[in-house]
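Subject: A structure for you to explore

Hello! Here is the structure I promised to pass on to you. Have a look around it first, and then read on for what turned up.

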Amino acid sequence: MSTLRELKTRIGSVSSSEKITGAMKMISSAKVHKSERDLRRLLPFKNQIKSIMGHLLAADGDYTSPLIEEREISRIGIVVFGSDDGLCGAYNVNIFKQVLSRINRYRDQYGEAMKFVVYPIGKKMFKAVKKIEADFIEVKSYEGVDSKMSGDKVTFFTEQLKTSFIEGELDKVDVVYMNFKSISRQILAEEQLFPVEASALGGELDAKSANKLYIFEPDGNRIFNEVLPMFVLSTMQEITIENRASEQAARIMAMQSANDNAKKLLESLRLEYNKLRQQSITTELLDILGGQVEK
């Protein structure tokens, strides 16, 4: 049976934990709002690029680019976004399971000889992916490329992936991440980065814009090859911010759950403490009364 001192210590410990989880929840909430602002700032840029691509494609020109070249697939790159820090529930576990599922799906589709290069983003994801490294799975990472990387690092990493695809080191590059919908809702998403799919480029044009005639200077194919890398970079920037927002949203939910559990435990401990204290007082009163009777 717990003593009053032990219960008081436990109450103090749980109370401190409740305050810590509450503070962490507030910090994560502020980071989510920052990521949402970053997404809103990026959206007009990406939409403008998609609009340009849409006008080019609507002109029915003959466009060629090494970034849209489809070839026989023997080596696939998978970029998997996770977190650098913990305390975000099953966030990393769910993404890791999706990566395993995707690898198994590709092996069924293309055969057992398929090779993979996995690029984990985040320390937690790196540790998880390292465990599955094998003859057909290579784990590759770059210094400074993590879940908190700056825009310059996103550009650097995207360029590395683009070079690997153009030079034939990778025949296909996919990205697995959490798509941010709201604080309470994040969805596992998979996106093909290279070769760039035509469906990803087709920005919908309204009737007024679609009927306009454009003269491209220089030629349309050159503009296409200038804008396409910008589209890929904006896609990677968006995914990076989405992952950042989703991680913090998952942490908010985890801290909320921990905070709720701490409150329930605190109520239970305080009730037990009050009962024990009342019992102790009653016992002392009975001892006092018993001593008076004996006199």
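Which residue does K162 meet in a salt bridge? The partner is E159: the two side chains come together with an N to O distance of 3.5 Å or less, namely 3.4 Å. Before going further, please keep in mind that this is a predicted model.

**Salt bridges**

Side chains of opposite charge can pair when their charged atoms come close. K162 and E159 sit three residues apart in helix 4 (residues 151-166), so about one helical turn separates them. K162 is buried because its relative accessible area is 17%, under the 20% cut-off. E159, at 36% relative accessibility, counts as partly exposed. Elsewhere, salt bridges with shared partners tie R102, R105, K172, D174 and E190 into one network.In the whole structure, the search finds 15 salt bridges. Another of them joins the side chains of K34 and D38, at 3.5 Å from N to O. Both residues belong to helix 1 (residues 4-58), where they are four residues apart, or about one turn of the helix. Is each of these two buried or partly exposed? K34 is partly exposed, because its relative accessible area is 46%, while D38 is buried, because its value is 14%.

E69 and R71 also form a salt bridge, and their closest N and O atoms are 4.0 Å apart. That distance still counts, because the cut-off is within 4 Å. E69 has 40% relative accessibility and so counts as partly exposed. R71 has 24%, so R71 counts as partly exposed too.

**A cavity**

Rolling a probe the size of a water molecule over the atoms shows where empty space is left. How many cavities of 30 Å³ or more does the structure hold? There is one, and the volume of the largest cavity is about 30 Å³. If you would like to find the place on your screen, select the residues that line the largest cavity: Y119, P120, I121, K140, S141, Y142, V145 and F157. Strand 2 (residues 115-121) gives the largest share of this lining, with three residues. Sorted by class, the lining has six nonpolar residues, one polar residue and one charged residue.

**A nonpolar patch on the surface**

Next, turn to the surface. I281, L285 and I288 form a nonpolar patch there, and together they have about 270 Å² of accessible area. L285 is found in helix 7, which covers residues 220-294. L285 has a relative accessible area of 48%, so it is partly exposed.

**Two spots in the backbone**

Two places in the backbone deserve a look of their own. What kind of peptide bond joins F194 and P195? The bond is cis, with an omega of about -10 degrees. P195 lies in the loop that runs between strand 5 (185-194) and helix 5 (198-201).

The other place is L87, where phi is near 60 degrees; this is a positive value in a residue other than glycine. You will find L87 in the loop between strand 1 (75-81) and helix 2 (91-110). L87 is exposed, because its relative accessible area is 55%, and the cut-off for exposed is over 50%.

**Far along the chain, yet brought together in space**

Finally, here are two pairs to compare in sequence and in space. A113 and S74 are 39 residues apart along the chain, and their C-alpha atoms are separated by 7.6 Å. A113 lies in the loop between helix 2 and strand 2. With a relative accessible area of 66%, A113 is exposed.

How many residues apart in sequence are G22 and I252? They are 230 residues apart, while the distance from C-alpha to C-alpha is 9.2 Å. G22 has its place in helix 1, and G22 is partly exposed, because its relative accessible area is 22%.

If you want somewhere to begin, try K162 and E159 in helix 4, then go on to the lining of the largest cavity, with Y119 and F157 among its residues. After that, the cis peptide bond between F194 and P195 makes a good next stop.

Happy exploring, and best wishes!

Conventions. Residues are numbered from 1 along each chain as its sequence is written. This is a predicted model: local features need pLDDT of at least 70, side-chain atom pairs count only at pLDDT 80 or more; totals for chains, interfaces and linings use all residues. Side-chain values use heavy atoms; hydrogens and water are left out. Patches are made of residues with over 30% relative accessible area and no salt bridge: like charges are joined within 9 Å, nonpolar side chains (Val, Leu, Ile, Met, Phe, Trp, Tyr) within 5 Å. Accessible areas come from the Shrake-Rupley method with a 1.4 Å probe; for residues, only the protein chains shown count as cover. Helices (H or I, at least four residues) and strands (E, at least two) are DSSP runs, numbered from the N terminus. Buried means under 20% relative accessible area, exposed over 50%, partly exposed in between (1.4 Å probe, protein chains only). On a 1 Å grid over the protein atoms alone, a cavity is a set of points where a 1.4 Å probe fits but cannot get out, and a pocket is an open set with protein on both sides within 12 Å along at least five of seven lines; lining residues have an atom within 4 Å of a point. Grid points are joined across faces, edges and corners, and a volume is the space filled by probe spheres set on the points. Ala, Val, Leu, Ile, Met, Phe, Trp, Tyr, Cys and Pro count as nonpolar, Asp, Glu, Lys and Arg as charged, and the others, Gly among them, as polar.
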